[in-house]
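Biologist: Could you walk me through this structure, showing how each label is earned?

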Amino acid sequence: METTKTYDVIVIGAGHAGCEAALAAARLGLSTCLFTINLDTIAQMSCNPAIGGLAKGHLVREIDALGGEMAKVTDRAGIQFRMLNTSKGPAVWSLRAQADRVLYRTRMRVVLEQQDHLDIKQAMIDDITVEGGKVTGVVTSWGTFYHAKAVIVTTGTFLRGLMHIGHESFEAGRAGEFPAKNLSGSLARLGLNLGRLKTGTPARLDAKSIDFSKTEAQFGGDPPIPFSHSTDRIVNPQLPCFITYTSAETHRIIRENLGRSAMYSGKITGIGPRYCPSIEDKIVKFADKERHQVFLEPEGLETTEYYANGVSTSLPYDVQVGFLRTIPGLEQVEIMRPAYAIEYDFAFPTQLKHSLETKIIEGLFFAGQINGTSGYEEAAAQGLMAGINAAHRILNREPITLARHEAYIGVLIDDLVTKGTKEPYRMFTSRAEYRLLLRHDNADLRLMEKGHAIGLLDDSTYERFVQKRRAIEEELGRLRRSKTKPSVVNPVLQSLATAEIQEDISLEQLLKRPEVRYAVIRQVAPPGKPLGADVERQVEIQIKYRGYIRQQMETAGKLSRLEDKKIPDDFEYRGLPGISREIFMKLEEVRPVNLGQAARIQGMTPAALAIIMVAVEKLRRQKSA
């Protein structure tokens, strides 16, 4: 087989994971090639036209802090930005943006094409070649071989993709695109264990046929808050979304046609996302609910296409039209693209190391939906880390892994490789034990130092970060040292209807009061020079939540001590007294690298962990004797 070209890194698939993986590897100086089935659908937003949301927004900010691209492209393509959960504590605040789908993929393609060390090619990859347990390259569907030192698989829903609309089924990676039919067989022959998942998408509607007067408009923030730490302002026109609801008639039509649904008729065997159910699932599982919310989201600035969020379905086209026209505002609606469900292959993620490299083949990495995740943000986060670690393997550097107390990205990857998944995995704030440490607002403080050290964060962005960090530290010090008098602050406290002070109080103690915002500090004792809104917000959060933050940091410190206790790669679990067969099998599957990871394996008991701890320590002493 003739070698056409040799690369350091090859990335298969140009979705959100593939784009970040290719950019990361190329930006670290490695010759990289990104293969896609269709150049025109690079970075396609194949489901909803939105980035971020609860916990997902945290991932996007973390990607940006490490030097990834998703946040910047979202800011260039965003047509509505909303901060969610602002009525709750800052640990669960999360940014969400509607994006112009065409602008998003166009901008990402421009970034890719202008990136040094990166080639982009349209080709179907059918085979991954391996020699001596190490990846050597890929083979296209027309038999061309490309040599590589590392290969990153980011195939999304394309592995043996099968679309369903009612009883009709079509082979496709997504609507209108070919599936990857042969790559699954290649992965299976290499010894990787594959499963089957399902996801779906709702119909796209023509705005000309929607009566928006019967819906509730939902506007974004003003001014819009950008995702990227390097974006100064959003320049696109901002559009509203619209809210409506299903009706009793909607539910009747769906119930009467459940037998025609691909999911309920038994045609679909893959497991679907629990947290993003189809409208059929909602009607069946929440039969007591009289209505379900439907979000009408614009697909872009120059299209009449709207995404009907909340009514994903695999029902036939005629039923889709029928039930949609029973929803207020949609009585005359016309469907531009029908809803569908899609099944695809994935690889069980417990077969991966924390670096996202497969355990059985050196240089082969997986990222995105092939690891069982759902969502653009989860995919992009994995792609970034896979790209970094593929580059680090070639450069003989240590892999970069993020701990659970450092980043949501760390939680995501640790959950996948330690606990695995048998259904599409979605990130939630509730999955993070240390979510007060992992806030949306402090992603730069947590990760930009690391991003700059890796080499992905440019010097100008890093210098801005250093200045911001210095401003925060100086202001925290000023508030701690400075005091204010009752005569100065009491008039303000009276206006807030809160207790007045009787003696001098430090500005720090004043800001600790629940009713007092930083604006009060600015009024009674302004800093020497104006601070940015993000600096003020950070100062206020750190002071108000200091006790809780310290408590979580102490807990995280205890976890770190377990993470420091390494388990040898060849450690033998068989024969350990007191270890059940169930725990033994999970230990053999996961092969935890340290006691912290072992503790997080599902079913692990304190007694079993103690037995492993003693055995590991005994082995360490024997080796050092």
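Modeller: Happily! A salt bridge needs a side-chain nitrogen of Lys or Arg within 4 Å of a carboxyl oxygen of Asp or Glu. Keep in mind that this is a predicted model.

Biologist: Why is Glu-343 said to have no salt bridge?

Modeller: Its nearest side chain of opposite charge, Arg-196, is 4.2 Å away. The cut-off is 4 Å, so the pair does not count as a salt bridge. Glu-343 is buried, too, and its place is in strand S19, residues 340–347.

Biologist: What makes the pairing of the side chains of Glu-343 and His-164 a polar contact?

Modeller: The two side chains come to 2.8 Å, and the limit is 3.5 Å, so the distance fits. Glu-343 also touches other residues, including Leu-162, Lys-267 and Thr-269.

Biologist: How do you know that helix H1 is largely enclosed by the rest of the structure?

Modeller: Of its 12 residues, 11 are buried, so the description holds. Among them are His-16, Cys-19, Glu-20 and Leu-23.

Biologist: What span is expected for H1, and what does the model give?

Modeller: H1 covers residues 16–27 and reaches 17 Å from first C-alpha to last, close to the 16 Å expected at 1.5 Å a residue. After H1 comes Gly-29, with a positive phi near 90°.

Biologist: Which residues touch the most other members of the largest nonpolar core?

Modeller: Ile-10, Ile-128, Val-151 and Ile-409 do, in a core of 111 residues. Helix H9 supplies the largest share, 11 residues. Apart from this core lies another, of 25 residues, with Ile-253 and Val-319 among them.

How values were computed
Residues are numbered from 1 along each chain as its sequence is written. This is a predicted model: local features need pLDDT of at least 70, side-chain atom pairs count only at pLDDT 80 or more; totals for chains, interfaces and linings use all residues. Side-chain values use heavy atoms; hydrogens and water are left out. Helices (H or I, at least four residues) and strands (E, at least two) are DSSP runs, numbered from the N terminus. Buried means under 20% relative accessible area, exposed over 50%, partly exposed in between (1.4 Å probe, protein chains only). Lys and Arg count as positive and Asp and Glu as negative; His and the chain ends are not counted. A polar contact is a pair of N or O atoms within 3.5 Å; within protein, one must be able to donate a hydrogen and the other to accept it, and residues adjacent in sequence count only if both atoms are side-chain atoms. Contact means heavy atoms within 4.5 Å. The expected span of a helix is 1.5 Å times one less than its number of residues. A nonpolar core is a set of buried Ala, Val, Leu, Ile, Met, Phe, Trp, Tyr and Cys residues joined through side-chain atoms within 4.5 Å. Lists of a residue's contacts leave out its neighbours within four places in sequence.
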